[in-house]
Amino acid sequence: MNLIREVAEKVNRPFSEKYLETQGLIAVNLQKFKGKVTVAFSGGKDSLVVLHMAWLLQPDVLVIFNNTGVEYSETVSYVVEIAEKWALNLVVTHPEKTYWDCVKERGYETGKRQKLNNCCYWLKEKPMRQIVRDLNIKAEMTGITAIENRTRMFNARDYGACFYSKKSKTQRIHPILWWTPDEVRAYIASQDLPMNPVYAKGVERVGCAPCTAYKFWE
């Protein structure tokens, strides 16, 4: 993917600089939103890095895993394993509508309809918004990276790594927004962190197992 200039400048900096920036962003927001900040953990490698860095600074930080009901079985087991190993303050959400209900209503999603993605709303967005309201969460940390896809690249340019979302009514914090996949893997290796075993099967994208709403899903 060709990076736009503003994003390339951020991504191509020395990792040492980006690492200190990430560490500072996490520390500042954990303090600023103390008790009202959460880490969204998908079981994927990117959110693992953010979770680990936040957990090192605040072991009781709230962690939310959205179990869509169609996660890889390895992912569900892995999240439980990490939660037990690190004694996480973990909350698991479950949707009121199933993936198969969504398919029955609208058919399988495609990458061309992501803005109208029905299953993402019912399986992840709605349960997340509900738990955020219920627990009065003021800030959400994610493992989003700018170079994951073009949509996120342009969002990264326009909003940066920390901004207030009118949609979720929370501060959105993307600590590793400017990291590359190689840097993510290098951090995981350097900290000897356990990886989701689904990656060993050749899966590149952790999420809903039957998802068809992204390019090259086949």
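Reader: Along strand S5, which side chains are buried and which are not?
Author: The side chains of S5 (residues 162-165) alternate. Phe163 and Ser165 point to one face and are buried. Cys162 and Tyr164 point to the other face and are not. A strand is a DSSP run of E, at least two residues; a helix is a run of H or I, at least four; both are numbered from the N terminus.

Reader: What is the basis of these values?
Author: This is a predicted model: local features need pLDDT of at least 70, side-chain atom pairs count only at pLDDT 80 or more, and totals for chains, interfaces and linings use all residues. Residues are numbered from 1 along each chain as its sequence is written, and side-chain values use heavy atoms, with hydrogens and water left out.

Reader: Why is Cys162 called partly exposed?
Author: Its relative accessible area is 31%. Buried means under 20%, exposed over 50%, and partly exposed in between (1.4 Å probe, protein chains only). The value of 31% falls in between, so Cys162 is partly exposed.

Reader: How do you know that S5 and S6 pair?
Author: Two strands pair if DSSP finds at least two bridges between them. S5 and S6 (residues 170-173) have 4 bridges and run antiparallel, so they pair. One bridge partner is Gln171 in S6, for Tyr164. The hairpin has 4 residues between the strands, and Lys169 takes a positive phi near 60 degrees there.

Reader: What makes S5 an edge strand?
Author: The open sheet of 6 strands has the order S3-S2-S1-S4-S6-S5, with mixed pairing. S3 (89-93) and S5 each pair on one side only, and these are the edge strands. Inside the sheet, S1 (residues 37-40) and S4 (residues 139-141) pair in the parallel sense over 3 bridges. Val39 has Met141 in S4 as its bridge partner. H2 packs on the sheet, touching S1, S4, S5 and S6.

Reader: Where does Asn29 lie, and is it buried or exposed?
Author: Asn29 lies in helix H2 (residues 15-32). Its relative accessible area is 3%, so it is buried. Leaving aside neighbours within four places in sequence, Asn29 is in contact (heavy atoms within 4.5 Å) with Met141, Cys162 and Ile173.

Reader: What makes a set of residues a nonpolar core?
Author: Its members are buried Ala, Val, Leu, Ile, Met, Phe, Trp, Tyr and Cys residues, joined through side-chain atoms within 4.5 Å. The largest one here has 42 residues; those with the most contacts inside it include Met141 and Trp178. Helix H3 (residues 45-57) gives the most to this core, with 7 residues. A second, separate core of 10 residues includes Val70, Tyr99, Cys119 and Leu123.

Reader: Why does Tyr99 count as buried?
Author: Its relative accessibility is 3%, so Tyr99 counts as buried. Tyr99 is found in helix H5 (residues 99-106). Leaving aside neighbours within four places in sequence, Val70, Cys119 and Leu123 are among its contacts. Its C-alpha atom is separated from that of Leu123 by 7.0 Å, though the two are 24 residues apart along the chain.

Reader: How do you know that Cys102 is in no disulfide?
Author: A disulfide is a pair of cysteine sulfur atoms within 2.5 Å. The nearest cysteine sulfur to Cys102 is that of Cys119, 5.7 Å away, so this pair does not qualify. A search of the whole structure finds 0 disulfides. Cys102 counts as buried, at 3% relative accessibility.

Terms used: Axes are lines fitted to C-alpha atoms, for helices over the stretch in contact, and angles run from 0 to 180 degrees between N-to-C directions.
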